[in-house]
Amino acid sequence: MNPVTHAQLDWDDQGRPHSRVFDDVYFSDKSGLEETRYVFLEQNRLQERFAALPEGGRLVIGETGFGTGLNFLCAWQLFEQHAVAGARLHFVSVEKYPLSPTDLQRALALWPELSAFAEPLLAQYIAIHQGFQRLVLDNGRVTLTLLVGDALEQLPQLDAQIDAWFLDGFAPAKNPDMWTAELFAELARLAAPGSTISTFTSTGWVRRLINAAGFKMKRTPGIGHKWEILRGEFLGWPEDTPPPAKPKPWFARPATIEGERHAMVIGAGLAGCATAASLAARGWRVSLLERHAGLAQEASGNPQGVLYLKLSAHGTALSQLILSGFGHTRRLLEHLHRGVDWDGCGVLQLAFDAKEAQRQAQLAEAFAPQLLHLLDREQAQQRAGVDLAQGGLFFPEGGWVHPPALCQWQAAHPLIEVLTHHDALALHRVDDQWQARDADRVLASASVVVLAGAAEIKRFPPSADLPLKRIRGQITRLAQTAASEGLATVVCAEGYVAPARLGEHTLGASFDFTNEDLTPTITEHAGNLAMLREISEDLLQRLGADHLAPEQLEGRAAFRCTSPDYLPIVGPLADHEAFQQAYAVLGKDARQVPDTPCPWLPGLYINSGHGSRGLITAPLCGELIAAWLNAEPLPVPASVAEACHPNRFALRALVKGKSAASKGRL
């Protein structure tokens, strides 16, 4: 995995950016704004298409080469001018070398007439790292999904239907890798019926390659010093070319739910509140059911959670999800009160043994220093503000969050009705509606239901077979002292300690796989103090914790809910028995892909199993659920969505049945 670096720029005497890598300009030296509007907006007929969008309608634009974001801002401005209030704009753009925030701000300052759109973009242009990065703008009316990396690595992982393509990027002579038959085949794979396309170049070989991919391109008069440009539309996949592989039926998208957009979300912790917020931003009315007296009463109720990134140097599905989820959450937090609801103070993971030090060295080679970098002991002590026995890995954009504040902000949307003391014990489907019931009454009903109640989802028959397990965790609360105020960053070893919030430090958290009682125990308080000693003997002394009696300490315990592969379980649910019958052939040959449609349970989804990573994965998974329900571009790579899919367990069981049978065990 190569760490993504920012664009290397030079600036001319008019203050315009120039790429050192490609020796080319980002926009026309005559008028970049006029060229963008003519080449991309006019040739794709965006003004009339935006004006024609109905309430709840959307248009999806795809772009090769985000650059300075000029095309995006111009499209957003036109959308704002001509689309009805209830319409939405999705913009998906791939960029190998994203500009640094400072360079982006400098470049966009050239267009003061776009400042109303540039400012919110810059405010959300945070934690832009490798892979899929989702930015939610204008209260969810506009969504920007940046695919950071090489176009031919990122686009094949995109699950979307693109209505209009902006074929941008540096000139073919300067950047030939961006103008290839392989790339144009990806544009065709992703093109919606009737999709349009335009580009500033009119080079003959480019036109012929795009035509060969299934588009019909024609030259049209250019603008400025461009004599001609190209525009076209998608006619369909060429007959003489093998069609792209269809998604496997068990991972294909369920049919969209017609009729009133009303969803019921069961469970009002991080996963439930995030899902409700993502649906409400798309115009859904949401009934958010919570069995307790308020939001975030279980694992989401801790006073401080840590934005900690457990990454792999090998680009695993979990690592990709964490990188995308971290960026998404980090951008959401900008809406909250820094210092009370969260703080981006950084996270320091100590190299507490040789194995951990080796792991950290691998990560430092695999990722860009803006995301993480190594600190020696002295540097780590300066960052942390306390004495430490080791150096470690520092995440400058990490920090701590008060999870209930995030939940409350998400659930405050006017389309969300929070129903507390609503303990859904059973689900029934009656006349195309799901009904949530307690013992004898209907609590709520809707055409869509999302189960977001951690391990409690096992009480419902459709999700009872999912392998979720509960792990008890206990945190300890320690009063801030004058000496402990020096702690400047979250410090982690086997546990973690955070800088004080409202006069209290959070210390934790224990792991107990057997205890089902949520009463805090003296033993685990003592264990947390032992973890603190391992993190920093100095901080232990500053807190006076070596003189504290464990029986006098305060804290809380809650259950994390996790899956066997540590990935969350997110997506549509199928009928378990019908699934086994439909795909029984996999028990004989795992390579078979029957064309039997998956027996989905209409409108039934799950968002659970986030373990101790809920702050990082749950909000993005709320976007993933909403994308499925609204037939939108997925906010994560297709391989990551499949790795998190509820059907993965039933599939593995069928395939294992085959291997067990072949060994004579069945």
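R613 is buried (under 20% relative accessible area, 1.4 Å probe, protein chains only) yet has no salt bridge. A salt bridge here needs a side-chain nitrogen of Lys or Arg within 4 Å of a carboxyl oxygen of Asp or Glu. The nearest side chain of opposite charge, D565, is 8.6 Å away. This is a predicted model, in which local features need pLDDT of at least 70, side-chain atom pairs count only at pLDDT 80 or more, and totals for chains, interfaces and linings use all residues. Residues are numbered from 1 along each chain, and side-chain values use heavy atoms, without hydrogens or water.

R613 sits in the loop between β31 (600-608) and α17 (614-629). Helices (H or I, at least four residues) and strands (E, at least two) are DSSP runs, numbered from the N terminus. The side chain of R613 reaches the backbone oxygen of Y566 at 3.5 Å. Beyond residues up to four places away in sequence, R613 touches K310, L318, I322 and Y566 (heavy atoms within 4.5 Å).

Now the cores. A nonpolar core joins buried Ala, Val, Leu, Ile, Met, Phe, Trp, Tyr and Cys residues through side-chain atoms within 4.5 Å. The largest has 79 residues, and F50, I61, F72 and F215 have the most contacts inside it. Helix α3 (residues 70-82) gives the most to this core, with 8 residues. A second, separate core has 73 residues, including C273 and L371.

Last comes a sheet. Its 3 strands form an open sheet in the order β1-β2-β3, with antiparallel pairing. β1 (9-11) and β3 (24-25) each have a single partner strand, so one side of each is left without a neighbour in the sheet. Strands pair if DSSP finds at least two bridges between them. β2 (residues 17-19) and β3 pair over 2 bridges. H18 has V25 in β3 as its bridge partner.

Note on methods. Buried < 20%, exposed > 50% of the residue type's maximum accessible area, 1.4 Å probe, protein only. Lys, Arg positive; Asp, Glu negative; His and termini not counted. Polar contact = N/O pair within 3.5 Å; in protein donor to acceptor, adjacent residues only side chain to side chain.
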